[in-house]
Amino acid sequence: MSDGSLPPGWGDGTRSVHAGDAPPVPGTPLRPSPVFAAPFHLGDQPPRAGGADAYARTEHPTSRAFETAVGELDGGRCLSFATGMAAITAAVMALVSAGDRLVLPADGYYTTRLLARDELERLGVRVEYVPTVEIAGVAARGDLEGARMVFLETPSNPLLDVCDVAAVARAARAAGALLAVDNTTATPLGQRPLALGADLTVGADTKALTGHSDLLLGHVSTSSDEVFDRVKGWRDHTGSTPGAFDAWLGHRSMSTLDLRLTRQGETAAAVAAVLADHPAVTGVRWPWLPSDPSHALAARQMLRPLGIVSAELADETAVSRFLAASRLWTAATSFGGVHSTVDRRAQWGGDAVPAGFLRFSCGIEDTGDVVADLTAALDAA
Ligand SMILES: Cc1ncc(COP(=O)(O)O)c(C=O)c1O
């Protein structure tokens with residue numbers, strides 16, 4: 001929970017390292033080791049007496065340490081989950097009921113839309129799909145009246161459109177709707193949805209928050225005790241808690257979040273400039289390019305540049321030639337890791353994007369090397 005235990009003046013590097021730290025105790029490790037246990041000794045006490053652990057499906061010391069860290073960065077109370085989708089499912093299912101109206105981005109992460117289409121609609125939730133760039137307009141017109149929840153994803157994956165969280169939060173509150181924001185692409189250091197007025201924020205920590213492409217994790221943070229209790233109840237009942245090793249690895253990986261995001265943002269600036277100048281490329285999107293339609297809003301709402309850039313090559317063959325010529329841009333899905341990767345989104349189906357549409361995820365290699373490799377591979381494409 002964000003209880004102000006990190007001094008307000010500390011910078012992102014210091015916060016990344018110290019978030020979730022317990023007060024130092026001589027002779028103990030700087031960062032607690034994972035606690036591997038399903039049941040814990042109960043002794044002659046009733047379960048959870050004095051806050052003692054009883055059974056790890058509901059929570060365990062290692063998930064709590066990770067949650068304290070993420071909650072401190074988010075500015076709320078955090079619950080961790082085995083994957084980003086488990087966190088999103090919990091956020092929606094714990095708070096939305098049959099017959100409720102849910103406003104969802106029409107162009108957000110594909111599996112979130114599948115969750116809505118194949119599961120939530122089946123259970124009687126009235127889902128309304130609105131393009132990210134239109135949600136603020138819908139909110140401003142007063143059209144959120146009667147909605148139970150508005151779910152935003154900003155910047156959206158993969159098109160990188162940005163939505164005005166504070167404006168939608170005001171309208172949602174006036175309409176009596178909850179606002180949830182998928183903050184995966186930005187991370188808690190890049191954008192603070194709770195401070196902008198959202199009721200809850202969710203993250204696929206599989207991506208940049210943990211950032212090494214070696215684990216799946218997710219979280220929900222909120223400043224509302226009521227929302228926290230509902231989501232915690234969902235997690236207790238459905239068992240989507242992360243295991244101790246993953247929670248520990250996630251916490252360890254977060255220590256370098258500021259360093260990684262800084263390098264990724266610098267590289268993304270150079271990558272966006274090369275892509276924008278190259279004759280083989282069209283449709284470059286990066287919210288920090290002054291020409292980008294999201295630039296003004298991103299500069300106002302976000303705290304640092306993204307390491308993700310999207311752009312289009314002519315077609316699938318051009319993408320194959322690009323990949324064959326590149327040494328550093330690896331074909332892989334996901335994003336936010338230490339390796340520079342590129343994903344041709346059309347190959348997955350689901351996103352309404354052209355065959356040559358690419359999502360570039362800048363890693364933490366030397367910017368000069370990544371840019372030189374990009375230029376040479378584009379020339380070959
Ligand atoms: C924006 C966004 N939200 C949620 C998810 C789901 O995360 P996970 O794969 O950890 O379930 C993803 C995964 O790509 C994503 O990009």
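Ala, Val, Leu, Ile, Met, Phe, Trp, Tyr, Cys and Pro count here as nonpolar, Asp, Glu, Lys and Arg as charged, and the others, Gly among them, as polar. The legends describe a predicted model, in which local features need pLDDT of at least 70, side-chain atom pairs count only at pLDDT 80 or more, and totals for chains, interfaces and linings use all residues. Residues are numbered from 1 along each chain as its sequence is written, and side-chain values use heavy atoms, with hydrogens and water left out.

**View 1. The shell of residues around the ligand.** The ligand is surrounded by 13 residues, of which Met85, Asn157, Asp182, Thr206 and Lys207 come nearest; a residue is near a molecule if one of its heavy atoms lies within 4 Å of it. By class, the shell around the ligand comprises 5 nonpolar, 5 polar and 3 charged residues. Helix α3 (residues 84-93) contributes the largest share of this shell, 3 residues. Helices (H or I, at least four residues) and strands (E, at least two) are DSSP runs, numbered from the N terminus.

**View 2. Contacts of Met85, Asn157 and Lys207 with oxygen atoms of the ligand.** A polar contact is a pair of N or O atoms within 3.5 Å; within protein, one must be able to donate a hydrogen and the other to accept it, and residues adjacent in sequence count only if both atoms are side-chain atoms. Met85 approaches through its backbone, with an N or O atom 2.8 Å from an oxygen atom of the ligand. Asn157 places a polar side-chain atom 2.8 Å from a ligand oxygen atom, and for a polar side-chain atom of Lys207 the distance to an oxygen atom of the ligand is 2.7 Å. The protein buries 93% of the 400 Å² that the ligand exposes when taken alone (accessible areas by the Shrake-Rupley method with a 1.4 Å probe; for residues, only the protein chains shown count as cover).

**View 3. The largest pocket, in which the ligand sits.** On a 1 Å grid over the protein atoms alone, a cavity is a set of points where a 1.4 Å probe fits but cannot get out, and a pocket is an open set with protein on both sides within 12 Å along at least five of seven lines; lining residues have an atom within 4 Å of a point. A molecule sits in either if more than half of its atoms lie within 2 Å of its grid points. The volume of the largest pocket is about 350 Å³. Its lining has 22 residues, and Tyr109, Thr111, Asn157, Ala204 and Lys207 are the closest to its centre. Helix α3 gives the most to this lining, with 3 residues. The lining divides into 8 nonpolar, 9 polar and 5 charged residues.

**View 4. The largest cavity.** The structure holds 2 cavities of 30 Å³ or more, and the largest has a volume of about 100 Å³. Thr185, Leu261, Gln264, Leu306 and Gly307 are the closest to its centre among 15 lining residues.

**View 5. The loop between β4 (147-153) and α6 (165-175).** Pro155 lies in this loop and is joined to Thr154 by a cis peptide bond, with omega about -10°. Pro158 has its place in the loop as well; a cis peptide bond with omega about 10° joins Asn157 to Pro158.

Key
Grid points are joined across faces, edges and corners, and a volume is the space filled by probe spheres set on the points.
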